[in-house]
Amino acid sequence: MARPNVAATRLFEAAQSKIASGDQYGALQSFEMMFNRAFKKKSYDEAYEIGRLGLLAMVACGNVHASKQLGDLMLEALSKMASCESLGADARASFVDDLIGCAQALASLRRDESEDSVAAYEGAHAFGAKALKWTITETHSRGAPEVNDALAALAAAAGDWPRAQQHYIWGSSVDRFVQVLRSWMQEAPESEAQFFVARAVLSLLAVGRLSAAVVLAESFH
């Protein structure tokens, strides 16, 4: 993975200095300038890294808007670099780890039920959905299972049941799906709780995941 070159490093240091002085907008402009220079040179790996580092820096400031913008730039560079299908296992795992880490960082800005916190969760989900799309391969037509697992966990933590179930269905962790279902069933009205398992089992069957449906159903008997 390429790191920013000398000129970009100076701009990066300038961006960090602006953050330290409280000029978050100026910092965002610096990150965008660095990104655009690298992108125009078709140094997509460098542009990707600038976007990633900028996103994490702005998350550390608690700036939801700037973090989302830099996340979009990061994914734009990634789409130009290589398809997930074309990468070796190690390179693919590295990018997937990056994507999960950035989605989790964005979601960490959701701290309450304020408008900004809701925007942070929606931003994390939007980033995750785009990242998941990049991980689609012939083997995993709905994206990498580990990314689905991570997005399911973020949705579950936010109380977003529909999105959580959607990702658990395509994830690898049936056991975690069971744990979350148990938790939600305890919180739901008794008249509704009985349908949670049925919906989950039917959803797994509908996408052809018979063995996962069996494991989930047997966990509740």
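User: In which helix is Leu 202 found?
Analyst: The model is predicted: local features need pLDDT of at least 70, side-chain atom pairs count only at pLDDT 80 or more, and totals for chains, interfaces and linings use all residues. Residues are numbered from 1 along each chain as its sequence is written, and side-chain values use heavy atoms, with hydrogens and water left out. Helices are DSSP runs (H or I, at least four residues) numbered from the N terminus, and Leu 202 is found in helix α10.

User: Is Leu 202 buried or exposed?
Analyst: A residue is buried under 20% relative accessible area, exposed over 50% and partly exposed in between (1.4 Å probe, protein chains only). Leu 202 has a relative accessible area of 56%, so this residue is exposed.

User: Which residues are in contact with Ser 203, leaving aside its neighbours within four places in sequence?
Analyst: Ser 203 also lies in helix α10. Its C-alpha atom is separated by 7.2 Å from that of Ile 169, although the two residues are 34 apart along the chain. With contact meaning heavy atoms within 4.5 Å, the partners of Ser 203 beyond its neighbours within four places in sequence are Gln 165 and Ile 169.

User: Which elements are included in what covers the buried residues of α8?
Analyst: Helix α8 spans residues 161–170, and its buried positions include Gln 165 and Ile 169. Trp 161, Ala 164, His 167 and Tyr 168 are buried in α8 as well. The cover over these residues includes α6, α7, α9 (174–187) and α10.

User: Which residue of helix α6 is linked to Arg 163 in helix α8?
Analyst: A salt bridge (a side-chain nitrogen of Lys or Arg within 4 Å of a carboxyl oxygen of Asp or Glu) joins Arg 163 to its partner at 3.2 Å, N to O. The pair links distant parts of the chain, 41 residues apart. Arg 163 is partly exposed at 22%, and its partner is partly exposed at 36%. The residue in helix α6 is Glu 122.

User: Which residues are linked with Glu 122 in a network of salt bridges?
Analyst: The structure holds five salt bridges in total. Within the network, Glu 122 is joined by Asp 160 and Arg 163.

User: How far apart are the closest N and O atoms of Lys 130 and Asp 72?
Analyst: Lys 130 lies in helix α6 and Asp 72 in helix α4, so their salt bridge ties together parts that are 58 residues apart in sequence. Lys 130 counts as partly exposed at 44% relative accessibility, and Asp 72 is partly exposed at 38%. The closest N and O atoms of this pair are separated by 3.0 Å.

User: Which elements are included in what covers the buried residues of α4?
Analyst: The buried residues of α4 include Val 64, Leu 70, Leu 73, Met 74 and Leu 78. What covers the buried set includes α2 (24–40), α3 (44–61), α5 (89–107) and α6 (115–134).

User: What is the N to O value for the salt bridge of Glu 49 and Arg 52?
Analyst: Both residues lie in helix α3, three residues apart, about one turn of the helix. An α-helix has 3.6 residues a turn, so residues three or four places apart point the same way. Arg 52 counts as buried because its relative accessibility is 15%, and Glu 49 is buried too. The N to O value for this salt bridge is 2.8 Å.

User: Which residues are in contact with Arg 52, leaving aside its neighbours within four places in sequence?
Analyst: Arg 52 has its place in helix α3. Beyond its neighbours within four places in sequence, the partners of Arg 52 are Met 74, Asp 98 and Cys 102.

Technical notes: Helices (H or I, at least four residues) and strands (E, at least two) are DSSP runs, numbered from the N terminus.
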